[in-house]
Amino acid sequence: MMNTQQGSVLDVSIEEAGYELGHPRIWDISFQVASGELVGIIGPNGAGKSTTIKTLLGLTKYAQASVSIGGRSIEGTYAYVPEQPIYYEDLTLWEHLDLAAAANEIAYEEFVSEAEKLLIRFGMSEVRHLLPSGFSKGMKQKMMLMLGFLAKPDVYIVDEPFMGLDPRATRDFLNLLDDERKRGAGVLMSPHMCWIQQREYVIHSY
Ligand SMILES: Nc1ncnc2c1ncn2[C@@H]1O[C@H](COP(=O)(O)OP(=O)(O)OP(=O)(O)O)[C@@H](O)[C@H]1O
């Protein structure tokens, strides 16, 4: 359910977290993402940006942290676009979209209509029935973004979103993200520095 209030859709408080007990890689971090807000995590290589994202997703080996998605009183949904694309070797792009729609309980007609729009927007219509293993880096990234947009979640969590994207795909991605923020979705991303200087954002720098 979308939180349409300007309240927080993501509330994160990390006491400490890391990959080996007794050796925390990040500590004392807390922040919120409000409905419609875009929050960027920036910092030098190795600072802990990906670890922060992995921790809030419950993917670090150990963590003392509390995370609430969708507001305190409702259970929210999120889409995670990882640094490295993750996909099924034996499923085509269309089958990935179909699977994501089924997992998110999207009606078939709505899925077809939304998927068609996304395929056109990202210039991927002609490769819809191909396996992603033959895609370029940017095409794989576009597939991951399309899977996220199809789900229409409360929160987008995107690690290195511009990896491999050409300028047109970058623009299309940002425009879609703006539309989603108008709908009320929050966005947390670990973006490229040169981009973040040009946009409205909130920084959590380590
Ligand atoms: N899987 C892992 N196992 C052990 N240590 C890790 C692992 N992943 C990251 N680290 C360590 O955790 C620290 C933070 O790494 P992280 O990947 O979160 O940084 P980052 O800010 O995302 O860097 P970059 O900008 O290079 O992507 C680094 O010291 C790194 O060596």
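Begin by selecting strand 6 (residues 155-159) together with strand 7 (residues 186-190), which run parallel and are joined by five bridges. Helices and strands here are DSSP runs, numbered from the N terminus, where a helix is H or I over at least four residues and a strand is E over at least two, and two strands pair if DSSP finds at least two bridges between them. Within this pair, look for D159, whose bridge partner in strand 7 is S190. If you then follow the chain from strand 6 to strand 7, you pass through helix 5 (residues 167-183), and this β-α-β crossover is right-handed, a term meaning that, with the strands pointing away from the viewer, the path from the first strand over the helix to the second runs clockwise.

Before going on, note that this is a predicted model, in which local features need pLDDT of at least 70 and side-chain atom pairs count only at pLDDT 80 or more, while totals for chains, interfaces and linings use all residues. Residues are numbered from 1 along each chain as its sequence is written.

Next, add strand 5 (residues 78-81), which pairs with strand 6 in the parallel sense over four bridges, and find V81, which stands opposite V158 in strand 6. Is strand 6 mostly covered or uncovered? Five of its five residues are buried, where buried means that 20 or more other C-beta atoms lie within 10 Å of a residue's own, exposed means 12 or fewer, and partly exposed lies in between, with C-beta atoms placed from the backbone. In a regular strand the side chains alternate between the two faces of the sheet. Here V155, I157 and D159 lie on one side, Y156 and V158 lie on the other, and all of them are buried.

Just past this strand, select E160, which lies in the loop between strand 6 and helix 5. E160 counts as partly exposed because 18 other C-beta atoms lie within 10 Å, and its phi is near 50°, a positive value in a residue other than glycine. Most residues other than glycine have a negative phi. For a second example, go to E105 in the loop between helix 2 (93-103) and helix 3 (108-121), where phi is near 55° and again positive. E105 is exposed because it has 6 other C-beta atoms within 10 Å.

Now turn to L57, in the loop between helix 1 and strand 4 (62-69). L57 counts as partly exposed because it has 15 C-beta neighbours inside 10 Å. Which residues does L57 contact, once its neighbours within four places in sequence are left aside? They are Y80 and I157, with contact meaning that the C-beta atoms of two residues, placed from the backbone, lie within 7 Å. Select Y78 as well, since its C-alpha atom and that of L57 are separated by 9.6 Å, although the two residues are 21 apart along the chain.

The next stop is an open sheet of three strands with the order 2-1-4 and antiparallel pairing. Strand 2 (24-34) and strand 4 stand at the edges, and each has a single partner strand, so one side of each is left without a neighbour in the sheet. Strand 1 (residues 8-18) pairs with strand 2 over nine bridges, and along this pair you can find E16 opposite W27 and L10 with its bridge partner V33. These two strands form a hairpin with five residues between them, and in the turn G22 has a positive phi of about 90°. Strand 1 also pairs with strand 4, in the antiparallel sense, over eight bridges, and S13 has S66 as its bridge partner there.

Then select the residues around the ligand, namely Y19, R25, G43, N45, G46, A47, G48, K49, S50 and T51, where a residue is near a molecule if its C-beta atom, placed from the backbone, lies within 6 Å of it. Helix 1 (residues 49-56) gives the largest share of this shell, three residues.

Finally, show the whole protein chain, which has six helices and eight strands. Of its 206 residues, 35% count as buried, and among contacts between residues at least 6 apart in sequence, 77% join residues at least 24 apart.
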